[in-house]
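Morning, everyone. I have one chain to show you today, and I'll go from the whole fold down to single residues. Have a look at it first.

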Amino acid sequence: MKKLLLLGGAEYLLPYIKAANELGVYVITCDYLPNNIAHKYSDEYANVSIVDKEAVLSKAKELQIDGIISPATDPGVVTASYVAEKMGLPGCPYKSVDILQHKDKFRAFLRDNGFTVPGSAGFCNKEDALVGAKNFKLPFIVKPTDSAGSKGVTRIDSLDQLPAAVDEAFDVSISKHIIIEDFIEKAGSSSDTDSFSIDSNLVFCSFNCQHFDEEAINPYTPSAYSWPSDMPEGIQSNLRSELQRLMKLLRLGTSQYNIETRMGTDGKGYIMEVSPRAGGNRLSEMLKYACGQDLVSNAVRAALGMKLDDLHDPVYNGAWAEYIIHSNKAGTYRGITLEPEFEKKHVIEKDYWLNPGDNVYEFTGANRAIGTLVLRFDTQGEAEEALANINRFVKVDLT
């Protein structure tokens, strides 16, 4: 019986546990929080911090695992590649993953290899960051080099904002490194969705539309996603070609990815983030609904060296959307109310994560989500209109 080590313990691991069980695989979940929900569904739990590479490696050897991944769990991605490389297991090269997972290194790699990239600079202390920021034209972005879920990200429109933004970015960063970079004003919607490569060939490449709640405290935390993308076909084609070039240069092999891209108002396509893991917010699950291809099962198979499906670029069955249920005020959770006709026509799946009486927090990041809705529409325009007016159809009841 093959053994798969999953790093993390959040809800997003549950589809991977289910897929592994269906393949007859023994699943071990690993993090330092024994009460996390995924540990209730795995075959075994290892209480080890996923950012401690050596500790995870030691435990992996003890458990005699056959594969390791960190699905939808950004802090474990580097560790997973390190352990896989040390144990001779399937996975992306550690050196390449280290570049992808640290925004300062990634920006430098893109720039050195002729990709379209925003101007940027990395810093390891506040004093240098405050001085270096003077080289950037407002507005610009301050963010940690190694965090996900939009945590610690601030758009700077006035230098008065800078000290607090720098402090926040350093606080969130695991390595205590931050990056300052040009703000790329997007044309249309930015994209944040999942893709897949086999032997460094990009076999499944998707683009979507990110949506944001302008009333949220953190305006950079996505509140919804929809497929297909509204980016021009030429930009999508160019980005796909550049992503393929990136995967060849880094020799990434076989992997699932979460990829963020956008088209700037300058008419250029930008690769913003590439992480060799599933995206949070159930993106790969959404893609299975939208186009019928199962990236989750194939990620499990890839980690264990098993035969993969014949993946290909998505062909969407209608327009699909995922709404991240959230609240812009704190309170005590009572429940969620859906407008009946909207629910009947468009809601394919409801996934609620709280129980009555639980605390609800303001939507500052993906970790403050209350649940998700899977939605289907006949047209992209219908999906966009519904998401623009989502508060008419979905209400979080608080006391």
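Let's start with burial. Buried residues make up 54% of the 399 residues in this chain. Buried means under 20% relative accessible area, exposed means over 50%, and partly exposed lies in between, with a 1.4 Å probe and protein chains only as cover. Before going on, two notes on the source. This is a predicted model: local features need pLDDT of at least 70, side-chain atom pairs count only at pLDDT 80 or more, and totals for chains, interfaces and linings use all residues. Residues are numbered from 1 along each chain as its sequence is written, and side-chain values use heavy atoms, with hydrogens and water left out.

Now the overall build. The chain has 12 helices and 20 strands. Those are DSSP runs numbered from the N terminus: helices are H or I with at least four residues, strands are E with at least two. The C-alpha trace spans about 55 × 55 × 45 Å along its principal axes. What radius of gyration does the chain have? It has 20 Å, which agrees with the value near 21 Å for a compact globule of 399 residues. That radius is taken over C-alpha atoms, and the globule rule is 2.2 Å times the number of residues to the power 0.38.

Next, contacts. A contact means heavy atoms within 4.5 Å. Take the contacts with a separation of 6 or more: residues 24 or more positions apart account for 67% of them.

On to the inside. The largest nonpolar core has 39 residues. Here a nonpolar core is a set of buried Ala, Val, Leu, Ile, Met, Phe, Trp, Tyr and Cys residues joined through side-chain atoms within 4.5 Å. Leu4, Leu6, Tyr16, Phe196, Phe204 and Val300 touch the most other members. Six elements each supply at least two residues of this core: β1, α1, β12, α9, α10 and β15. Helix α10 gives the largest share, 6 residues. There is also a second, separate core of 26 residues, and Phe115, Phe207, Leu246 and Tyr257 are among them.

Stay with Phe204 for a moment. Setting aside neighbours within four places in sequence, its contacts include Phe196, Leu287, Cys291, Leu295 and Pro314.

Now a helix. Is α4, residues 94-101, mostly covered or mostly open? Mostly covered: 6 of its 8 residues are buried. They are Ser96, Val97, Asp98, Ile99, Leu100 and Gln101. These buried residues pack against α3, α5, α8 and β14.

Just past β14 comes a loop. Arg277 sits there, between β14 (269-275) and α9 (283-291). Is Arg277 buried or exposed? It counts as buried, because its relative accessibility is 10%. Beyond residues up to four places away in sequence, Arg277 touches nine residues by name: Ser70, Ala72, Thr73, Asp74, Val77, Ala148, Gln256, Tyr257 and Asn258.

Ser255 is another buried residue, with a relative accessible area of 8%. It is found in strand β13, residues 255-263. Leaving out neighbours within four places, Ser255 is in contact with Cys92, Ser195, Phe196, Ser197 and Pro276.

Now some backbone details. Which bonds are cis? The peptide bond from Leu138 to Pro139 is cis, with omega near -5 degrees. Pro139 lies in the loop between α6 and β6. The bond from Trp227 to Pro228 is cis too, with omega near 0 degrees. Pro228 is in the loop between β12 and α8.

Look next at the loop between β9 and β10. Asp199 is there, and so is Ser200. Phi of Asp199 is near 50 degrees, a positive value in a residue other than glycine. Phi of Ser200 is positive as well, near 65 degrees. Asp199 counts as exposed, at 58% relative accessibility, whereas Ser200 is buried at 9%.

Last stop: Val315, in the loop between α10 and β15. Val315 is exposed, with a relative accessible area of 63%. Outside its neighbours within four places in sequence, Val315 is in contact with Ala290 and Cys291. Val315 and Leu287 are 28 residues apart in sequence, and 10.0 Å apart in space, C-alpha to C-alpha.

That's my tour. Thanks.
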